[in-house]
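Hi,

Here's the structure I promised to pass on. Have a look first, and my notes on domains and contacts follow underneath.

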Amino acid sequence: MCGILGYISNSKKITEETFALSMQTMKHRGPDANGIFVNQNASLHLGHLRLSILDLSVSSNQPFYSQCGRYIIIYNGELYNFKEIKEDCKIQTKTTGDTEIIIESFAQHNNSCFSWLNGMFAFAIYDIQENKITLCRDRFGIKPLYYYYDGDRFAFSSELKALKKIEGFDLALNKMVFSEFLHLGYIPFPNTAYKNIYKFPVGAYLEIDLNKEKIDVPEFKYYWKLNEQISRHTYTDETEVKTELKRLLEDSVSKQLISDVPIGTFLSGGIDSSLITAIAAKLKNNKIKTFSIGYEKNQYNKFNEAHFAETVAKQIGTEHYSLTLKEEDILPILSNIISTYDEPYADSSAYPTMLVSKLAREQVTVTLSGDGADELFMGYGMYNWSQRLNNPIIKTLSPVFYPLTKAGSNKIKRAGLLLKYPENNAHLKTHIFSQEQYFFSEKELEEILVEPVINLNSLNESIQTNRQLTNREKQSFWDISNYLVDDLLVKVDRASMLYSLESRVPFLDNNLVDYALNIDDSLKHKHGINKYILKEVLYTYLPKNLFERPKWGFAVPISKWLKTNLYFLIEKYLSKECIEKYNIIHFKAADDIVKRFIKGEEYLYVRIWVMLLLHWWLEENT
Amino acid sequence: MLNTSTNKSPLVSVIIPCYNGELFVKKSILSVLQQTHKEIEIIVVNDGSKDNTYDEINSINSPLITLINKPNTGVSDSRNIGLKYAKGQYLLFLDADDILEFDFLEKRLEILENNKSLDYCTGEIVWIDEKDQLIAMPKKQFGIYENTILNVVAFNSLFSTCPSAYLFRASTVKKKSIQFNTKISSPADRFFLLEFGYGTTSGFVKNGGKLFYRINTQSMSHLFSKKLIFDQENYFYEVLKNKLLRPQEKAILVKKMSYLLFASFLKLKMYRYSLLYLFKYLKSFFW
């Protein structure tokens with residue numbers, strides 16, 4: 001698992017030293033080796049930082065040439081079906097790694113091969129003969145890819161920080177996206193915090209002709225689209241689905257266990273990670289290593305989540321490592337959320353993910369995680385909200401209900417905010433997401449923003465599908481294409497790579513996803529049970545009573561901290577001076593929210609967290 | 001060194017998609033190599049076969065064969081990939097179990113070369129079994145050579161839409177940038193002919209130049225399954241979505257397909273869908 005960087009320009013060339021310097025910003029992604037390729041007239045620089053996972057020999061170092069000598073690749077990722085592709089395409093190889101399979105498939109089949117790749121990847125292939133480069137990214141953006149474009153220059157990289165380091169780049173801020181950040185807690189595709197830097201689309205590729213003086217405006221082509229995978233008919237037979245799902249899961253986990261270095265799993269003790277761990281343990285003859293963290297029990301914390309993980313680990317029989325945190329343990333890595341994520345990013349579960357990655361890296365180089373299951377199999381309560389809020393009766397009566405909720409308890413107040421539909425019903429998907437996550441609603445934003453411009457139309461666009469989707473499906477497919485891509489997978493990649501740990505996501509296997517998208521809604525949510533069918537599969541490995549408890553995430557007690565240890569952040573970044581310096585939100589509105597929070601409206605903590613992170617990030621980056 | 005007599009003779013690209021075709025693919029390729037028309041290139045697309053297909057093809061020693069190996073992505077995608085490699089002025093999409101009569105290409109080319117306004121040419125189809133023995137046919141069968149669109153949508157049993165029977169002029173395929181629809185597999189040939197569309201004309205070989213079309217018990221178009229019915233349903237919607245038909249033919253398609261889907265879903269005991277198509281079928285009478 002690695003880091004890649006590329007720089008293209010005919011008119012504004014850079015030196016190899018400058019290029020190498022910006023590569024160093026991503027050293028954590030690939031500490032084992034690095035390499036740079038510069039083409040004949042120096043209009044192209046390609047750089048690669050390597051973390052060796054498959055084929056540890058130097059012969060697999062990159063940039064890597066095709067056997068014909070015409071193509072050269074830099075590649076960050078892991079391909080799980082490379083042995084099948086090698087067999088099907090009859091590729092004779094010199095190495096035992098997956099890089100060679102990608103470049104040889106490309107040499108044989110050009111762009112047609114992208115849809116065959118099952119794995120996580122971002123790569124660039126340079127065609128020396130045609131002087132043309134092709135970039136490609138996996139279906140869900142498990143591996144990151146950002147690009148800079150200004151007409152004269154095009155550069156791409158695994159992390160934003162490398163692009164920020166390249167001399168002469170125009171790093172003007174894109175202030176328009178901060179409103180979206182306050183609404184969602186991350187900056188959604190295609191934008192970043194910078195005007196000229198963008199997120200590379202998922203399931204897509206891009207060809208750039210280096211023969212032209214100016215670089216064409218990027219025109220992406222898609223080799224896979226989620227909506228096209230949604231079939232006219234769903235799988236409805238419970239027994240049949242359970243059997244097939246189990247087969248696909250075992251197939252995916254077994255493929256993802258391939259590695260030339262030690263491998264383990266993140267185990268929170270919840271449904272998804274327990275399932276992955278149980279399957280991995282079954283497939284691997286030697287004991288599997290598992291990792292979890294939890295907080296000390298105290299007056300605020302009724303449970304130590306690590307306890308659940310330990311029980312499950314014991315039942316499966318893993319070699320379990322767990323770390324019990326004191327709240328202060330987070331303090332030293334507090335600013336990582338600013339430095340590691342490169343742009344405003346508010347998902348506080350990044351902290352425990354970083355810590356568990358650090359713990360795992362002491363034992364293994366690769367871990368499996370349960371990400372993607374909640375979106376694919378409907379694990380969130382918000383899917384039920386999407387069903388409710390689309391109900392015409394609730395829609396009609398909501399103006400009557402909403403004012404009543406204002407007088408209620410915090411829980412009711414929060415539910416009331418969900419009922420406060422955006423004026424334009426078309427924005428219901430982002431509305432539900434933002435309110436489930438406790439972020440600012442569109443209406444609130446109109447009040448707090450100095451320039452209340454917020455464009456949510458494209459984010460809420462309906463997808464064209466062969467079958468009529470249920471409201472729950474609409475919301476969960478939105479999550480897969482947005483929340484998963486721009487928030488969850490970013491969290492896992494950056495947190496694990498910070499410690500040079502590769503994290504794999506078996507739930508996002510191509511075949512498994514294609515199948516899961518077409519499992520009938522009624523099997524994902526049955527008898528009021530979320531993720532019903534996945535749980536049924538889990539119970540074929542582990543006893544049901546281990547999981548009879550409420551869903552429990554890697555929660556960070558931000559709310560409590562903002563009143564205690566972290567109050568200084570509020571004083572610093574939500575001060576009148578700081579807020580007025582950037583003039584994005586009205587100080588009075590922010591101050592009012594802080595006061596209400598201190599008085600006891602607990603649920604406002606996320607709104608405060610997101611505001612202060614934005615200003616903290618601005619202070620560090622401008 | 002140069003053989004001037006064949007210089008003028010047009011190149012034919014024969015594209016053969018093949019998935020687990022070890023039993024017949026060699027015979028199929030040999031029937032191309034043994035054509036009286038010699039200007040050919042054979043592009044075999046091995047669609048991720050898990051049997052001996054690869055070795056069978058490799059056992060034929062001919063410089064005219066280009067073998068493309070790829071993972072299994074279906075017949076339409078394989079044909080499209082083969083199409084990318086094709087350099088000929090004429091195209092034949094031959095199924096890996098069918099066999100060409102020795103003068104198949106010669107007869108068709110005679111007609112197409114003499115009349116450049118024709119877009120494709122077809123001829124007679126004869127059924128054979130797994131042992132290459134002729135099967136008695138209820139009546140003669142041909143490739144569609146007139147009223148193409150109408151005969152495709154109406155399932156006229158006199159005609160077969162099997163692509164093996166048709167030699168296409170490459171420039172027409174290119175001009176219309178036609179590809180096989182990868183969302184469909186079994187009825188992809190019908191879709192292809194519909195895409196070829198209105199205003200194209202066909203030649204017809206009256207004597208000789210037959211296609212030996214293999215009817216085998218395992219052939220996918222003879223199994224009744226959910227997958228196959230969904231495939232037909234996809235064909236139906238793809239035709240409508242891509243607006244390939246004029247109102248008159250569209251009405252026939254809706255009527256025919258609704259009935260077929262009604263009966264098929266009934267057989268699959270998927271009553272909701274069966275009713276849906278029954279309703280569509282009945283509605284089509286009042287159109």
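In chain A, the C-alpha centres of domain 2 and domain 3 lie 34 Å apart. Bear in mind that this is a predicted model. Where those two domains of chain A meet, domain 2 puts in four residues and domain 3 puts in eight residues. On the domain 2 side of that contact in chain A, three residues are nonpolar and one is polar, with no charged residues.

For orientation, the domain assignment splits chain A into domain 1 (3-224), domain 2 (227-319 + 342-378 + 489-547) and domain 3 (557-622). So you can see domain 2 of chain A is written as three segments.

Chain B gets domain 1 (4-214) and domain 2 (226-284) from the domain assignment. Their C-alpha centres lie 28 Å apart. The contact here takes 16 residues from domain 1 of chain B and 13 residues from domain 2 of chain B. On the domain 1 side, α6 (148-153) and α8 (188-196) of chain B each bring at least two residues, and α8(B) has the largest share with four residues. By class, that side of domain 1 of chain B comes out as nine nonpolar, four polar and three charged residues.

And between the chains? There, 10 residues of chain A are in contact with eight residues of chain B. Helix α2 (residues 82-88) of chain A gives the largest share of the chain A side, three residues. The chain A side that touches chain B has three nonpolar, three polar and four charged residues.

Cheers

Key. Residues are numbered from 1 along each chain as its sequence is written. Chains are lettered from A and ligands numbered from 1 in the order in which they are written. This is a predicted model: local features need pLDDT of at least 70, side-chain atom pairs count only at pLDDT 80 or more; totals for chains, interfaces and linings use all residues. Domain bounds come from an automatic or database domain assignment. Two residues are in contact if their C-beta atoms, placed from the backbone, lie within 7 Å. Ala, Val, Leu, Ile, Met, Phe, Trp, Tyr, Cys and Pro count as nonpolar, Asp, Glu, Lys and Arg as charged, and the others, Gly among them, as polar.
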